[in-house]
Amino acid sequence: MNIRSLTRGDGVVIGAAVVLFIASFLNLTSTPSCSGQFCPSQSAPNAWDSLSLLMSMYLAGIIGAVLVVVGRSLPQPKTVAGLDLTQFGVAFTVFAAWTAFWTIIDAHGSGAGMILGLIAALVLAAAAVAAPLVAALKAPLMGTPSPAAAPQPYGYPNAAQPAGGYGYPGAAQQPYGAQPGDPSLGGHPGAQAQAQPFGAQAPAAAEPNKDSQAQPAAAAPAGDFAPFWFAVPVARPLYAEDGSPTPIAELAPGTWYLAVDQRGPGLVAQTQDGRRGVLQDTTGIQRG
């Protein structure tokens with residue numbers, strides 16, 4: 001049985017069947033009001049005292065409700081004599097409501113069990129017939145469960161990222177090849193927008209408007225070295241400035257280092273902990 005295939009109409013059928021079962025234990029007739037020692041002691045019977053009424057009204061309605069719910073929850077309909085279980089169940093509920101209606105008309109002083117049983121039988125039959133026809137009753141009884149939120153991998157755009165990284169000042173750690181000037185990746189605001197290999201010529205600035213007033217600028221001497229940030233494509237050793245062949249540190253890719261001077265074809269670089277050394281192999285480095 002597929003419980004999630006039950007509809008609101010099936011829920012009404014189940015509820016009415018429960019009420020019908022409770023009504024079978026209540027009084028069928030009302031006892032006449034009498035007080036005094038000459039009044040005979042009378043006990044009002046319930047449905048279990050009358051086998052014919054119990055079978056034709058109460059148990060017939062409950063059996064019909066079971067057949068309706070089971071028939072609609074099965075993945076494949078089960079047929080008996082060319083009719084499926086749902087059709088048999090609907091017939092039972094209609095028969096129970098019909099019996100309850102004529103029984104209460106013929107009764108002399110109906111009790112709570114008869115009145116409540118009639119109401120439950122009528123609701124049961126109406127829900128069994130109208131459940132496949134009314135849109136409100138065809139809605140699922142149990143909503144589809146929402147899927148559990150999957151854990152977000154590290155680096156997902158909405159995942160929480162650390163406020164700052166070690167390396168490039170004021171920016172998060174960047175993977176090798178990322179644009180250091182891109183503010184969305186944590187690049188330095190003043191850094192160049194596109195990474196360039198060491199020694200490449202920077203793009204020319206846009207020509208100022210001739211109508212605007214020219215701003216005097218002092219030309220920097222040709223021999224001066226301007227410090228810049230750079231990153232290495234692969235791990236490379238950093239040697240001491242005195243020419244010792246033993247490396248003092250290793251530059252890792254994805255981290256930005258500060259070039260403070262130029263030493264022949266190499267660069268004098270400063271690590272995050274303040275150590276300075278010569279990077280002899282500058283092939284393929286990226287400037288920030």
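Let's start with Arg275, which is partly exposed, because its relative accessibility is 38%, between the 20% and 50% cut-offs. Its side chain meets that of Asp273 in a salt bridge, with N and O 2.9 Å apart. Please keep in mind, as we go along, that this is a predicted model.

How many salt bridges does the count come to? The count comes to 5 salt bridges. Let me take you through a couple more of them.

Asp281 and Arg236 are joined by a salt bridge between their side chains, at 3.7 Å from N to O. What I like here is where the two partners sit. Asp281 is in the loop between strand 9 (276-279) and strand 10 (286-287), while Arg236 belongs to strand 5 (residues 236-239), and the pair links these distant parts of the chain, 45 residues apart. Are the two partners buried or exposed? Arg236 is buried, with a relative accessible area of 9%. Asp281, at 37% relative accessibility, counts as partly exposed.

Next, have a look at Arg263 and Glu241. They form a salt bridge whose closest N and O atoms are 3.0 Å apart. Arg263 is in strand 7 (residues 257-263) and Glu241 is in the loop between strand 5 and strand 6 (247-251), so this pair ties together parts that lie 22 residues apart in sequence. Arg263 is partly exposed, with a relative accessible area of 36%, and Glu241 is partly exposed too, with 34%. There is also a third residue to mention: Glu241, Arg263 and Arg276 are linked in a network of salt bridges.

Now let's turn to the aromatic rings. The structure holds 7 aromatic pairs. One of them is Phe21 with Phe25: the ring centres are 5.2 Å apart and the planes stand at 80 degrees, so we call the pair edge-to-face. Phe21 is partly exposed, with a relative accessible area of 40%, and Phe25 counts as partly exposed at 45%.

Phe101 and Trp102 give us another edge-to-face pair, because their planes are at 75 degrees, with the ring centres 5.4 Å apart. Phe101 has a relative accessible area of 37%, which makes it partly exposed, and Trp102 is partly exposed at 44%.

Elsewhere, ring pairs link Phe225, Phe228, Phe230 and Tyr257 into a cluster.

Back to Phe21 and Phe25 for a moment, as they bring us to the surface. Which residues make the nonpolar surface patch? Ile14, Val18, Phe21, Ile22, Phe25 and Trp48 do, and the patch comes to about 560 Å². Val18 is found in helix 1 (residues 8-23), and at 46% relative accessibility it counts as partly exposed. Here is a handy general point: an α-helix has 3.6 residues a turn, so residues three or four places apart point the same way. You may want that in mind when you look along a helix on the screen.

Speaking of helices, let's move on to helix 2. Helix 2 (residues 51-73) has 23 residues, and from its first C-alpha to its last it reaches 31 Å, close to the 33 Å expected at 1.5 Å a residue. Where does helix 2 bend? The bend is at Leu59, and it is about 40 degrees.

Helix 2 also contains position 57, and Met57 takes us to Trp98. The C-alpha atoms of Trp98 and Met57 are 8.4 Å apart in space, with their positions 41 residues apart in sequence. Trp98 lies in helix 3 (residues 85-106), and at 54% relative accessibility it counts as exposed.

I have two more pairs of this kind for you. The place of Ala231 is in strand 4 (residues 228-231), and Ala231 is buried, with a relative accessible area of 4%. Its C-alpha is 4.9 Å from that of Trp256, although the two are 25 residues apart in sequence.

And finally, Pro132. This residue lies in the loop between helix 4 (112-130) and helix 5 (135-138), and its relative accessible area of 45% makes it partly exposed. How many residues apart in sequence are Pro132 and Gly9? They are 123 residues apart in sequence, yet 7.9 Å apart in space, C-alpha to C-alpha.

That's my tour, and thank you for listening!

Technical notes
Residues numbered from 1 in each chain as written. Predicted model: local features only at pLDDT ≥ 70, side-chain atom pairs only at ≥ 80, totals over all residues. Heavy atoms only, no water. Patch = residues over 30% accessible without salt bridge, like charges linked within 9 Å, V, L, I, M, F, W, Y side chains within 5 Å. Areas by Shrake-Rupley, 256 points an atom, 1.4 Å probe, with all protein chains shown as cover. Salt bridge = Lys/Arg side-chain N within 4 Å of Asp/Glu carboxyl O. Helix = DSSP H or I, 4+ residues; strand = E, 2+ residues; numbered from the N terminus. Buried < 20%, exposed > 50% of the residue type's maximum accessible area, 1.4 Å probe, protein only. Expected span 1.5 Å × (residues − 1). Bend = angle between axes of the 7 residues up to and from the residue. Phe/Tyr/Trp six-rings, centres within 6.5 Å; stacked < 30°, edge-to-face > 60°.
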